[in-house]
Amino acid sequence: MLTQDQLKLAVAKKALEFVPDDCIIGVGTGSTVNLFIEELATIKGRIRGAVSSSEASTARLKAHHIPVYDLNEVDQLPVYVDGADEINHYLHMIKGGGAALTREKIIASVAQQFVCITDESKYVTMLGHFPLPIEVIPMARSYVARELVRLGGHPELRQGVVTDNGNLILDVHGLEIQKPVELEEAINHLVGVVTCGLFARRRADVLLLGRQSGVEVIR
Ligand code: 5RP
């Protein structure tokens, strides 16, 4: 029986197969990505560098002497590798458990291919058991929370967390997300929301799913 960490390591290793030579790649955030960064360090000579979705990942990349670029300096990003908190069979995701959702969504939008790396505990038929993270401008926190209640959720302020962009995170409990694209658009239209952790309009292109039986590649 493989542990969750061993499953994460298996998908982190597999993701190297999706990294083209001589390019800059997008790197996400979280414990699975931390393992991916360790693997990336072993082949760093064949990439030019990375664009990072968080200060935490940037520090890890720099510790391995992998050059980190500002996204504005980069016009081509062939691949973005990141984890997820939940992913459904259409490869729509909930992300933001690590509070990095906005930068993650920006990099994902630029990337040609989003490779999601997760263990099988994250693979679900319906999104919403994991509370949906939403990054909000601080002065809009209460207004956005009231609007989220109208949408059927139970928002909770993530205590003690300020995002890399200086904002707050509301975690919305109790949502059964039947229409991820529509809900993502509805939440993103609320004034004061920076972005929500639903990645449905820009879903993953490939899921590397760590199973007891091996890494499954799902497209
Ligand atoms: C961070 C994220 C992460 O991808 C997500 O939380 C999964 O993390 P982990 O690999 O630690 O399970 O969205 O904002």
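## A tour of the ligand site and the two largest pockets

Begin by selecting the ligand together with Thr32, where an N or O atom in the side chain of Thr32 lies 2.6 Å from an oxygen atom of the ligand. Keep in mind throughout that this is a predicted model, and that the distances you will see on this tour are computed from it.

Next, add Gly96 to the selection and show its backbone, since here a backbone N or O atom is placed 2.8 Å from an oxygen atom of the ligand. Then bring in Gly98, which also faces an oxygen atom of the ligand with a backbone N or O atom, in this case at 3.2 Å. With these contacts on screen, turn on a surface for the protein, which covers 91% of the 380 Å² of accessible area that the ligand has on its own.

Now widen the selection to the whole shell around the ligand, which is made up of 17 residues, the closest being Ser31, Thr32, Asp85, Gly96 and Lys122. If you colour this shell by residue class, you should find three nonpolar, eight polar and six charged residues.

Which pocket holds the ligand? The ligand sits in the second largest pocket, whose volume is about 160 Å³. To find the middle of this pocket, select Thr29, Gly30, Gly83, Ala84 and Asp85, which are the closest to its centre among the 17 residues that line it. Asp85 therefore deserves a label of its own, as it is listed both among the closest residues to the ligand and among those closest to the pocket centre. Highlighting helix H2 (residues 31-41) shows the element that gives the most to this lining, with three residues, while the lining taken as a whole divides into four nonpolar, eight polar and five charged residues.

Move on to the largest pocket, which has a volume of about 190 Å³. Select Val51, Ser52, Glu55, Thr58, Val68, Tyr69, Asp70, Leu71, Arg103, Ile106 and Ile107 to display its lining. Colouring by secondary structure then brings out the elements that each give two or more residues to this lining, namely strand E2 (49-52), helix H3 (55-63), strand E3 (68-69) and helix H4 (101-110). Which element provides the largest share of the lining? That share, three residues, comes from H4.

As a last step, apply the class colours to the lining of the largest pocket, where six residues are nonpolar, two are polar and three are charged.

Methods
Residues are numbered from 1 along each chain as its sequence is written. This is a predicted model: local features need pLDDT of at least 70, side-chain atom pairs count only at pLDDT 80 or more; totals for chains, interfaces and linings use all residues. Side-chain values use heavy atoms; hydrogens and water are left out. A residue is near a molecule or strand if one of its heavy atoms lies within 4 Å of it. A polar contact is a pair of N or O atoms within 3.5 Å; within protein, one must be able to donate a hydrogen and the other to accept it, and residues adjacent in sequence count only if both atoms are side-chain atoms. Accessible areas come from the Shrake-Rupley method with a 1.4 Å probe; for residues, only the protein chains shown count as cover. On a 1 Å grid over the protein atoms alone, a cavity is a set of points where a 1.4 Å probe fits but cannot get out, and a pocket is an open set with protein on both sides within 12 Å along at least five of seven lines; lining residues have an atom within 4 Å of a point. A molecule sits in a cavity or pocket if more than half of its atoms lie within 2 Å of its grid points. Ala, Val, Leu, Ile, Met, Phe, Trp, Tyr, Cys and Pro count as nonpolar, Asp, Glu, Lys and Arg as charged, and the others, Gly among them, as polar. Grid points are joined across faces, edges and corners, and a volume is the space filled by probe spheres set on the points. Helices (H or I, at least four residues) and strands (E, at least two) are DSSP runs, numbered from the N terminus.
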